[in-house]
Each structure stands twice: as structure tokens, then as C-alpha cells.
Amino acid sequence: MKPSKGLLLSCMLMGFSAGALADLAALNDAAKKLCDKSKVCLQQEMAAEDDLPPGMAAMLDNMMGELCKQYMSIATVGENHEIIEPATACLNSMADKSCDELLNGEETTVACQRYESVAENYREY
């Protein structure tokens, strides 16, 4: 099982600061929703694996915990408030995917494509 492009992209979403508190709350809610969905999907995937090596479940659980910390780490209010709505929509669109699409899919959502386009304006070089 390899991490999907979408999950990696959603980690990147958390690197941007926010501007409006209501929008920030919605972004945090979307991050929690994706975190919860990812945990459920990973648990289902692990339960389906008959030959999971000893310790692998704990390692994957740890990895998911760290990923969720990144999802939930939005605390800095900054100037990039234009990015909050597209980031929120991207996270929600990822959380709305099926577990198979979320864990194994390579395709990004339309909302995440829009986010990537807006985020280009905020990348530091």
C-alpha cells in the first residue's frame, strides 16, 4: 500500500496560514473529517490483510497519527486567507472519496486541482 497523491497533497495543504477565523474553523473541521476518514480506511485495510507482519499495524497507526497531527496543525493566522476556501474544499473532496480511492487512487479531485492552482501564488521559492 503506497500513499496516494491525494493524501500527500492534503498534507501540503496544512503548510499555509489562514486569515478569517470562521473559515479557519471550517478548514480545521475539514482536516478532522479527512483525518477520521483516513483512519477508518486504514483500519479497514489492515483488517483485510491476513499476512500483516508483526508490528506493521502499530507502525501504520503511528504514521496515521502523525499525518492527522499535520492535518490539525493549523494555528497560525496570516495573510493567505484567499487559500482557505480552496483548501477546505480540497480536504472535503478528499474525505468524500471511497476508501479505495483515498488509499490507492492517483487521481486528484477537481477541488484539489483548483487548490493547487491558487496555492501556486503562495509558494516560496
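## Disulfides, salt bridges and confidence

Both Cys-35 and Cys-68 are buried. They are bonded to each other in this predicted model. The disulfide puts their sulfur atoms 1.8 Å apart. Its torsion about the S-S bond is 110°, a right-handed link. The pair links distant parts of the chain, with Cys-35 in helix H2 (residues 21-48) and Cys-68 in helix H3 (residues 56-71). The two cysteines are 33 residues apart.

### The disulfide set

How many disulfides does the structure hold? It holds three. A disulfide is a covalent bond between the sulfur atoms of two cysteines.

| Disulfide | S to S distance |
|---|---|
| Cys-35 and Cys-68 | 1.8 Å |
| Cys-41 and Cys-99 | 2.0 Å |
| Cys-90 and Cys-112 | 1.9 Å |

Take Cys-41 and Cys-99, whose sulfur atoms lie 2.0 Å apart. The pair links distant parts of the chain: Cys-41 is in helix H2, and Cys-99 is in helix H5 (residues 99-104). They are 58 residues apart. The torsion about this S-S bond is about -75°, so the disulfide is left-handed. Cys-41 has 1% relative accessibility and counts as buried. Cys-99 has a relative accessible area of 18%; the cut-off for buried is under 20%, so Cys-99 is buried too.

Next comes Cys-90 with Cys-112, joined at an S to S distance of 1.9 Å. Cys-90 lies in helix H4 and Cys-112 in helix H6 (residues 110-119), so this pair ties together parts that are 22 residues apart in sequence. The link is right-handed, with 90° about the S-S bond. Cys-90 counts as buried at 0% relative accessibility. Cys-112 also counts as buried, at 0%.

What is the pairing when the bonded cysteines are numbered in sequence order? For the protein chain it is 1-3, 2-5, 4-6.

### Helix H4

Helix H4 (residues 84-95) has twelve residues. At 1.5 Å a residue, these should span 16 Å. The end C-alpha atoms are 16 Å apart, which agrees.

Is H4 mostly covered or mostly uncovered? It is mostly covered, with nine of its twelve residues buried. The buried residues of H4 include Ile-84, Pro-86, Leu-91 and Met-94. Cys-90, the H4 cysteine bonded to Cys-112, is also among them. Glu-85 of H4 is partly exposed, with a relative accessible area of 43%.

### Salt bridges

The count comes to three salt bridges.

Glu-85 meets Arg-114 in one of them, at 2.7 Å from N to O. This pair links distant parts of the chain: Glu-85 is in helix H4, Arg-114 in helix H6, and they are 29 residues apart. Arg-114 counts as partly exposed, at 41% relative accessibility. H4 and H6 also hold the two cysteines of the Cys-90 and Cys-112 disulfide.

Asp-96 and Lys-33 form another salt bridge, at 3.2 Å from N to O. Asp-96 lies in the loop between H4 and H5, and Lys-33 lies in helix H2, so the pair ties together parts that are 63 residues apart in sequence. Asp-96 counts as exposed at 55% relative accessibility. Lys-33 counts as partly exposed at 36%.

Asp-36 forms a salt bridge with Lys-32, and their closest N and O atoms are 2.9 Å apart. Why are these two separated by about one helical turn? Asp-36 and Lys-32 are four residues apart in helix H2, which means a separation of about one helical turn. Asp-36 is partly exposed, with a relative accessible area of 34%. Lys-32 counts as partly exposed, at 43% relative accessibility.

### Confidence

The mean pLDDT of the protein chain is 75. Of its residues, 71% reach 70 or more. Where is confidence lowest and where is it highest? It is lowest in helix H1 (residues 5-13), at a mean of 52, and highest in H6, at 89.

Over residues 15-19 the pLDDT is below 50. Beyond near neighbours in sequence, that stretch has 19 contacts in the model. Over residues 74-78 the pLDDT also stays under 50. There the model has 14 contacts beyond four places in sequence. Where pLDDT is low, the predicted coordinates should not be read in detail.

Terms used:
Residues numbered from 1 in each chain as written. Predicted model: local features only at pLDDT ≥ 70, side-chain atom pairs only at ≥ 80, totals over all residues. Heavy atoms only, no water. Expected span 1.5 Å × (residues − 1). Buried < 20%, exposed > 50% of the residue type's maximum accessible area, 1.4 Å probe, protein only. Disulfide = S-S within 2.5 Å. pLDDT = per-residue confidence, 0-100. Contact = heavy atoms within 4.5 Å. Salt bridge = Lys/Arg side-chain N within 4 Å of Asp/Glu carboxyl O.
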